[in-house]
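Work through these exercises with the structure open beside you. Try each task before reading its solution.

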Amino acid sequence: MLQKITRTLQEKLQPDQRKAFFNIILLLGERVFRMGIAFIMLAWVARYLGVKEFGELNYALAFCEIFSPLFEIASSQFIFRDLVTYPDLKSEILGTYFWIKTITGVVVFILTAITILVLQPDNILTIKLVVILSIPSFLRGFSGIECWFKSQLEMKYTVFIRNGLFILVTLTRIFLLKIQAPLIAFAWLVMIENSLNIVALIITYKITGNDIFAWKAKWKRAKQLMKISFPLIFASLSIVIYMRIDQVMLGQLSDSKTVGIYSAAVRLSELWPFTSTIIVQSIAPSIIAAKKVSEELYYQKLQKLSNSQALLVYCIAIPMTFLATPFTVLIFGEEYALAGPILAVHIWSSMFGFLGYVKDIWITTEELTGFAFVFSTAGAAMNVILNFWLIPKYQGMGAAIATVISYGFADYVMCFLYPPARKFGKIMTQAMMLNLVKFNVK
C-alpha cells in the first residue's frame, strides 16, 4: 500500500513538489512525535512547579525575548532568500551573517542583564533565571546553518539533531523531576538545550561536507543586509511586544500566579503553530521561485497556501473553543482550570498568526520591510494600551482579548490601510472565508 502511494506521488508531482511534500511529511512526523512527549513533560513540569513557580519561569522566558529583535539586524528571512537564490555564495552569505549575529549576541546579553537588574533589583531568583536563559545569545551566529539546510530542503539533518537532543533533554528533565530539583535547574536545562542545538548544527554541517572555516564576511554584503534588515528590528520588537508583553505586564500589574495561569493557556495555544510553520517553510522556496516566472503564478501559490492555513486554524480553534477547560485540566490539573476560558479566546489569535507566516513570505519577496515595521508597531501599541486597560479588570482573560484584537488589527486590518498591501488583504479575506467569496488580486 505504501509503495503504491509513493509511486502515485512520484507520477503526479513535479520533482520540486515531491521534495516539498516529503519534507512536510518528515517535519510533521517529527513534530507530532515531539508534541506527544512535550504534552506529557509540559504537564509534569507545570504540576511539579505549581502555578507560582511556573509563572516565574515563563516570566523570565518572556523577558528574555524583549531584546531578541536586535538579532533582526541580520534577518534570517533575507539570508534564507539569498541562499535559495545564490547557493554558490553560501560561504560569503553565512560568514557575513555569522559575524553580525555574534556581535549582536554580546550586545543582547549585556542589555538583558542590565535591564533585569534595574527593573527587579531585589528579585534575585528572577535575575538568575533571566541571565541563565540569555546565555545562548552568544551562539546565534551559527543559526545560519539551519537556514542553509532549509534553503536546500534538506530538513532531515535538523530533524535528526532536534530529535536526538529532544530525547536527551527529556530524559534529563525527567531526572530533575524525580530528584525534585529546584526551579533554577530547569532554567539551566533550557539554556543547555538551546546551546546544544547550535553545537549539533555545527557538527552536522561539518559531517555533510561543509566547512565553517570557509565562511568569509564581506563588508559590502553586510551593509546591504543591515540596510534592508534594519526596519525589521523595530518590526520584530513590535512583534515581540504584542506577543510577549502580556506575560511581562501581567507580572508587573498582577502576580506570579496570574502569570502561571495565563502562561498555561498560552503554552497550549502555541502548541499548534508547528503545523503551520512546517507547511509554510516547505512551500516558501517554490513561492519565491514563482515570483521569477509570473505574478499570476506567484499570487496563485500565495492564495493556495493561505487557504490551507485558514482551514487548519478552523480545524484547531473550533473544537478548542468548546473543549478548552477540560483539555487544560487534563494536561495541567485542576490548579490550572482557570486557564481554560483564556485558552478558548487566545486560540483565535492563531488565525492571524498562521496567515501572518504566509504574509512574511510576501513581505520578504516584495521587500516591503517598511510596511512590516508600520503594521507591527501599530499592533504593539494597541496591545500595550489594551493590556493596561484590560489586565487590571480581567487579569489573564483581559490579556487574551488584547492579544486577539491586536493580532487582528496588525496582521489583517492594516493591510487595507496601506494600499500596496491590499492585495494580500484580499488573499487573507478569501482564505478566512474558505474561498467561498473570491476577489481579484490586483
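**Exercise 1. Partly exposed or buried: place Gln395, then compare Gln180.**

Step 1. The model is predicted. Start with accessibility. Gln395 has a relative accessibility of 28%. Buried requires under 20%, and exposed requires over 50%. Gln395 therefore counts as partly exposed.

Step 2. Locate the residue. Gln395 sits in helix α15.

Step 3. Check the backbone. Gln395 is not a glycine, yet its phi is positive, about 55 degrees. Most residues other than glycine have a negative phi.

Step 4. Turn to Gln180. Its phi is also positive, about 55 degrees, and it is not a glycine either. Gln180 lies in the loop between α7 (156–178) and α8. With a relative accessible area of 61%, Gln180 is exposed.

**Exercise 2. Describe the surroundings of Asn387.**

Step 1. Find the element. Asn387 belongs to helix α15 (residues 369–417).

Step 2. Read the accessibility. The relative accessible area is 0%, so Asn387 is buried.

Step 3. List the contacts, setting aside residues up to four places away in sequence. Asn387 touches Ile245, Asp246, Met249 and Leu253. It also touches Pro392, Gly398, Ala399 and Ala402.

**Exercise 3. Summarise the fold of the protein chain.**

Step 1. Count the elements. The protein chain has 16 helices and zero strands.

Step 2. Assess burial. Of its 442 residues, 52% are buried.

Step 3. Look at contact range. Take contacts between residues at least 6 apart in sequence: 80% of them join residues at least 24 apart.

**Exercise 4. Find the residues that touch the most other members of the largest nonpolar core.**

Step 1. Take the core as a whole. It holds 97 residues, and Leu302, Phe332 and Trp362 touch the most other members.

Step 2. Ask which helix supplies the largest share. Helix α2 (residues 15–64) does, with 16 residues.

Step 3. Look for a separate core. Another one, of 22 residues, lies apart from it; Phe78, Leu83, Leu201 and Tyr205 are among its members.

Step 4. Zoom in on Phe332. Beyond residues up to four places away in sequence, Phe332 touches Leu42, Ala43, Ala46, Arg47 and Phe54, as well as Ala264 and Leu268.

**Exercise 5. Parallel or antiparallel: classify the packing of α5 on α8, then of α12 on α14.**

Step 1. Two packed helices are described by the angle between their axes and the distance between the axes.

Step 2. Apply this to helix α5 (residues 124–134) and helix α8 (residues 183–207). The angle is about 15 degrees, and the axes are 8 Å apart. The two helices are therefore roughly parallel to each other. Their crossing is right-handed.

Step 3. Name the contact residues. From α5 come Leu125, Lys128, Leu129, Ile132 and Leu133; they meet Leu183, Ile184, Ala187, Trp188, Val190 and Met191 of α8. By class, 10 are nonpolar, no residues are polar and one is charged.

Step 4. Repeat for helix α12 (residues 295–332) and helix α14 (residues 349–366). Here the angle is about 165 degrees, with the axes 8 Å apart. These helices are therefore roughly antiparallel to each other. This crossing is right-handed.

Step 5. Inspect the contact. Leu302, Leu305 and Val313 are among the α12 residues, and Phe354, Leu355 and Trp362 are among those of α14. The contact divides into 15 nonpolar, four polar and one charged.

**Exercise 6. Analyse how α10 meets α13.**

Step 1. Get the geometry. The axes of helix α10 (residues 256–269) and helix α13 (residues 339–346) come within 8 Å and cross at roughly 40 degrees. That angle makes α10 oblique to α13. The crossing is right-handed.

Step 2. Identify the contact. Ile261, Tyr262, Ala264, Ala265, Val266, Leu268 and Ser269 come from α10; Ala339, Ile342, Leu343 and His346 come from α13. Nine of these residues are nonpolar, two are polar and none is charged.

Step 3. Check burial in α13. Six of its eight residues are buried. They are Ala339, Gly340, Ile342, Leu343, Ala344 and His346.

**Exercise 7. Find what Val131 touches.**

Step 1. Place it. Val131 is in helix α5. Its relative accessibility is 28%, so Val131 counts as partly exposed.

Step 2. List the partners. Leaving aside neighbours within four places in sequence, Val131 contacts Phe109 and Ala113.

Step 3. Gauge the separation. Val131 and Phe109 are 22 residues apart in sequence and 7.8 Å apart in space, C-alpha to C-alpha.

Terms used
Residues are numbered from 1 along each chain as its sequence is written. This is a predicted model: local features need pLDDT of at least 70, side-chain atom pairs count only at pLDDT 80 or more; totals for chains, interfaces and linings use all residues. Side-chain values use heavy atoms; hydrogens and water are left out. A nonpolar core is a set of buried Ala, Val, Leu, Ile, Met, Phe, Trp, Tyr and Cys residues joined through side-chain atoms within 4.5 Å. Buried means under 20% relative accessible area, exposed over 50%, partly exposed in between (1.4 Å probe, protein chains only). Helices (H or I, at least four residues) and strands (E, at least two) are DSSP runs, numbered from the N terminus. Contact means heavy atoms within 4.5 Å. Axes are lines fitted to C-alpha atoms, for helices over the stretch in contact, and angles run from 0 to 180 degrees between N-to-C directions. Angles under 35 degrees count as roughly parallel, over 145 as roughly antiparallel, 65 to 115 as roughly perpendicular and the rest as oblique. A crossing is left-handed if the near helix is turned anticlockwise from the far one by less than a right angle, and right-handed if clockwise. Ala, Val, Leu, Ile, Met, Phe, Trp, Tyr, Cys and Pro count as nonpolar, Asp, Glu, Lys and Arg as charged, and the others, Gly among them, as polar.
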